[in-house]
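Open the model in your viewer and keep the sequence panel visible. The tour below goes from one selection to the next.

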Amino acid sequence: MTTNSEGQSMGTKCRVCDGRVVEFVDLGDQPTANGFLLPHEVEGEFRFRLAVGACEDCTMVQLMEEVPQELRYHAGYRYQASGSAGHRKHFRTDAEWFLANELTGPDPFIVEIGCNDGVMLSTIAEAGIRHLGVEPSGNVADLARAKGVQVLSAFFDADTAAAVRGAHGAADVIFGANTICHIAHVESLFRGIDALLSDNGIFVFEEPYLATIIEGMAFDQIYDEHVFYFSAGSVRAMAERFGFELVHAEHIDMHGGEVRYTIARPGARTPSASLDALLAEEEAGKLSEPLTFARFGRNVERIRDDLVGLLTHLRDQGKTVVGYGAPGKSSTVTTYCGITTDLIPFVVDSTPGKQGHLLPGSHLPVRPPSAFSDAYPDYAVLFAWNHAEEIMAKEEKFRAAGGKWIRFVPEVEVL
């Protein structure tokens, strides 16, 4: 690996096309984002260099270094997709759309890659449709099973897909939500899709959108689980490389702004007008231009300095500040900004499995929501900013007591 005049890594091989990947932002040594710790586990915490680059050939944005999947997904995995009312509503709508539009033939079959706690497939199961979730994290897989969802505890790859095809037949729909961008071995992924998908089937996935991250300054969406940062252009190139066709892409209101992609076998489906519009929008906005990436890197540094400056000022003024929400992305921002308990004494989160633990990297204590309402702070940092509307509606008493919210995406501001 070589470096340019600014010390950025160059020459890393693209995971999709083997082209050269050029680094444009470095967020320093970081932990695994969902690797919540007990106090005695701090000393042995895993770290890696969290940096992102773009392929000069296919434009795919990706991590410069990756964390082995076994360290990311395991029996102690903390994230539960059903934890948000907004998520539950969204995935029920997804399931109902599949039931009405794609799972209408004789004995249809749907497979979800990374089904988590069954938030989407539980609706499919209720409808009596054949289904299978492929989920490597045993604890959340058990939560899905408790909802009546059929789950295979495994990582999805070519071998797993072949085994599923042999046991259950071809899938009419293969679905993934906030999962496909986590899979580093894309060649094996697409060999698996090829083995499992029916001739007229569709592969649908919803993922964080590169433009949301770049234009919205959502740099905290960058962490170990997100190996890739998709755009319509890079997904089209990826699909074509592995013998498929991107036929649809549309914006969805999840995690601050994601895109739902639909891939099919070449010629099986007619490409949509919304796909053409999104591709044109990306080109007009110069989404994949090196200057766009360089500007993003500079702005990330500015936000870090502004946030730390504000928190330091509030501390010096004797104000109390806590963090609200402990999603995976909170470890990116707190670790990158060097936020410690002298600036934010603790973070509150409603996920029982996170409570009593320490946030990865920064080691801020995670407490239950009662720690927030028992004695309201003067300020609360919205680490779960993508759920801002839901949180603010729930915490009206905090505002009534004089409390103020702090956001840092896309700019640092007090609300």
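What follows is a list of stops, each with something to select and a description of what is there.

**Before you start**

This is a predicted model, in which local features need pLDDT of at least 70, side-chain atom pairs count only at pLDDT 80 or more, and totals for chains, interfaces and linings use all residues. Residues are numbered from 1 along each chain as its sequence is written, and side-chain values use heavy atoms, with hydrogens and water left out.

**Stop 1: strand 4 and its partners**

Select residues 48-55, which make up strand 4. Helices (H or I, at least four residues) and strands (E, at least two) are DSSP runs, numbered from the N terminus. Eight of the eight residues of strand 4 are buried, so this strand is largely enclosed by the rest of the structure. Buried means under 20% relative accessible area, exposed means over 50%, and partly exposed lies in between (1.4 Å probe, protein chains only).

Now add strand 3, residues 20-30. Strands 3 and 4 pair in the antiparallel sense, over seven bridges; two strands pair if DSSP finds at least two bridges between them. Look for V22, which stands opposite A54 in strand 4.

Next add strand 5, residues 61-63, which pairs with strand 4 in the antiparallel sense over three bridges. Here A54 stands opposite V61. Strand 4 and strand 5 form a hairpin with five residues between them. In the turn, select T59, which has a positive phi of about 70°.

**Stop 2: the cysteines**

A disulfide is a covalent bond between the sulfur atoms of two cysteines. The cut-off used here is a pair of cysteine sulfur atoms within 2.5 Å. How many disulfides does the structure hold? It holds zero.

Select C58 and C14 to see why: the sulfur of C58 has its closest cysteine sulfur in C14, 3.7 Å away, too far for a bond. C58 counts as buried, at 10% relative accessibility. Then select C115, which also counts as buried, at 1%. The closest cysteine sulfur to that of C115 is in C181, at 16 Å, again too far for a bond.

**Stop 3: salt bridges**

Side chains of opposite charge can pair when their charged atoms come close. A salt bridge is a side-chain nitrogen of Lys or Arg within 4 Å of a carboxyl oxygen of Asp or Glu. The structure holds 20 salt bridges.

Select R92 and E126, whose side chains meet in a salt bridge at 3.5 Å, N to O. This pair links distant parts of the chain: R92 is in helix 2 (residues 85-101) and E126 is in helix 3 (residues 121-126), 34 residues apart. R92 counts as partly exposed at 36% relative accessibility, while E126 counts as exposed at 57%.

Move to R315, and show D316 and D342 with it. D316 forms a salt bridge with R315, with the closest N and O atoms 3.2 Å apart. D342 and R315 also meet in a salt bridge, at 2.7 Å, N to O. D342 lies in the loop between helix 11 (328-337) and strand 15 (347-348), and R315 is in helix 10 (residues 290-316), so the pair ties together parts that are 27 residues apart in sequence. For a further selection, take E23, D26, R49 and E65, which are joined into one network by salt bridges that share partners.

**Stop 4: aromatic rings**

A pair of aromatic rings is described by the distance of the centres and the angle of the planes. Rings of Phe, Tyr and Trp (its six-membered ring) pair if their centres lie within 6.5 Å; planes under 30 degrees apart count as stacked, over 60 as edge-to-face and the rest as tilted. By this rule the count comes to 23 aromatic pairs.

Select F203 and F205, a tilted pair at 4.8 Å centre to centre with 40° between the planes. Both are buried. To widen the view, add F190, F228, F230, F242, F244 and Y261, which form one aromatic cluster with F203 and F205.

**Stop 5: charges over rings**

A charge sits over a ring if NZ of Lys or CZ of Arg is within 6 Å of the ring centre and within 35 degrees of the ring normal. Select K329 and W385: the charged end of K329 sits over the ring of W385, 5.3 Å from its centre. Finish with R367, which lies over the face of F346 at 4.3 Å from the ring centre.
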